[in-house]
Amino acid sequence: MQSTGSREPQRMTAAFTPDSRYAWFRLAVSLVLAVVGGIGLWLAVVVLPTIQAEFGVDRAGASLPYTATFVGFAFGGFAMGRVAQRYGIIVPVSIAAVALGAGFGLAALVQMCWQCLVVQAVLIGFLGSAATFGPLVADVSQWFVKRRGIAIAIVASGNYIAGAIWPPFMQSAIETYGWRMTYAVLGLICVTIMLPLAQLLRRRPQFEDTASPASRGGGNGGLLPSHPLLFPALVLAGLSCCVAMSMPQVHIVAYCADLGYGPARGAEMLSVMLAFGVVSRLASGLIADRIGGLATLIAGSFLQMVALLLYIPFDGLASLYVVSAVFGLSQGGIVPSYALIIRDHFPAREAASRISTVLTATVFGMALGGWISGEIFDLTGSYALAFLNGVAWNVLNLGIALWILYLRRPLRPLRTATA
């Protein structure tokens, strides 16, 4: 008869295996952290017209706080991924909570535009929001195998959920209390929620390297073969897809103001876009568990390209709401697909650094795209060419995805000549 003492270690082992109840608990905690940490990404979008009026800068200059945030966010994603790989996810998330609180507080006190840029880049982007995206996605990916696609999609939805729920609240608060008070209150929210939740993620995963079953055609073991250019290609793909993605997300508020609909309508469209992005991201996670991350990437990239083209002929108020919803539905699953592809081809011990690196490239793409679109507007007085610029970058992303699909093709045996 087996003793109670010998059964207890088995229970503990089962509790911390992939796809367990504990894994889903970690996923829920990670999602809340991502939603709260995502505040830092979207406040700069909503406050863009206010910053332009406050500091007397042009549209490109007013876009710089957003760009600075995402540049810091990009470098921070890589750095915090390294920290998470060495010390566990609890360390970068705790740093993020303190940094966001301090960053929003200091931003409320700035008197010059360059001071705002420094705070946004270092405290809000680099040390703050960065830890709540790539490092969290990498951590969650190691706690799931059979449901890896939907798990990654859920935690990666955090910044979209943040974009869906925070902008209307931010816009209302800015109009009522001013942008400085809004920054200060949001800083308090980040500290009081994130610090306690970070303590729940102390345990670190120790699992075997496995590709997702969908990528192996139903199999459940080992990794898919890699290629020397695969990882650089994924980095470039992440950059290019998000240069395209950033055009509507960064400039929709300013675009609506230019068309005469007002920034409040633009904030609503941003929320619609990102709310449907959440739906798309979750649906893509379920789909990826059936067809794999690469096929999901190809489908999402193609649909995003089509949605970008729809913005050019349709600029009526009602049609912009519809196109924003279509755009959200088209692109939600693109970024999580990179994490799935990496987990299919590279060891779990490299997950934190590799996933964070590729997701860092996506953030650079958002930062670069936001700035380029502002420059194109300043040069042309219109966003039409900015949308076409996004389409061109999207074509590059789709081409890389198809190249990776080509690399995965089964090798055919050479035919020998018969006498």
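The exercises below deal with cavities and salt bridges in a predicted model.

Residues are numbered from 1 along each chain as its sequence is written, and side-chain values use heavy atoms, without hydrogens and water. In this predicted model, local features need pLDDT of at least 70 and side-chain atom pairs count only at pLDDT 80 or more, while totals for chains, interfaces and linings use all residues.

**Exercise 1.** Describe the largest cavity and its lining.

Solution.
- Step 1: A cavity is a set of points, on a 1 Å grid over the protein atoms alone, where a 1.4 Å probe fits but cannot get out; lining residues have an atom within 4 Å of a point.
- Step 2: The search of the whole structure gives four cavities of 30 Å³ or more. The volume of the largest is about 130 Å³, where volume is the space filled by probe spheres set on the points.
- Step 3: Its lining has 15 residues, and Phe70, Phe133, Asn159, Tyr160 and Met366 are the closest to the centre.
- Step 4: At least two lining residues come from each of H3 (39–46), H5 (59–87), H10 (158–177), H12 (230–258) and H17 (351–380). These helices are DSSP runs (H or I, at least four residues), numbered from the N terminus.
- Step 5: Eleven of the lining residues are nonpolar, three polar and one charged. Nonpolar means Ala, Val, Leu, Ile, Met, Phe, Trp, Tyr, Cys and Pro; charged means Asp, Glu, Lys and Arg; the others, Gly among them, are polar.

**Exercise 2.** Describe the lining of the second largest cavity.

Solution.
- Step 1: This cavity has a volume of about 50 Å³.
- Step 2: Its lining residues include Ala34, Leu41, Phe73, Phe133 and Asn159. Helix H2 (21–37), helix H9 (148–156) and H10 each give two or more residues to it.
- Step 3: The lining divides into six nonpolar and six polar residues, with no charged ones.

**Exercise 3.** Find the salt bridges and state where their residues lie.

Solution.
- Step 1: A salt bridge needs a side-chain nitrogen of Lys or Arg within 4 Å of a carboxyl oxygen of Asp or Glu. The structure has three.
- Step 2: Arginine 26 pairs with aspartate 139 at 2.8 Å. Arginine 26 is in helix H2 and aspartate 139 in helix H8 (residues 134–141), so the pair ties together parts 113 residues apart in sequence. Both residues are buried (under 20% relative accessible area; exposed is over 50%, partly exposed in between; 1.4 Å probe, protein chains only).
- Step 3: Arginine 265 pairs with glutamate 268 at 3.4 Å. They are about one helical turn apart because three residues separate them in helix H13 (residues 263–291).
- Step 4: Arginine 354 pairs with glutamate 350 at 2.6 Å. Arginine 354 is partly exposed at 21%, and glutamate 350 is partly exposed at 21%.

Methods. 1 Å grid on protein atoms, 1.4 Å probe; cavity = no way out; pocket = protein on both sides within 12 Å on 5 of 7 lines; lining within 4 Å.
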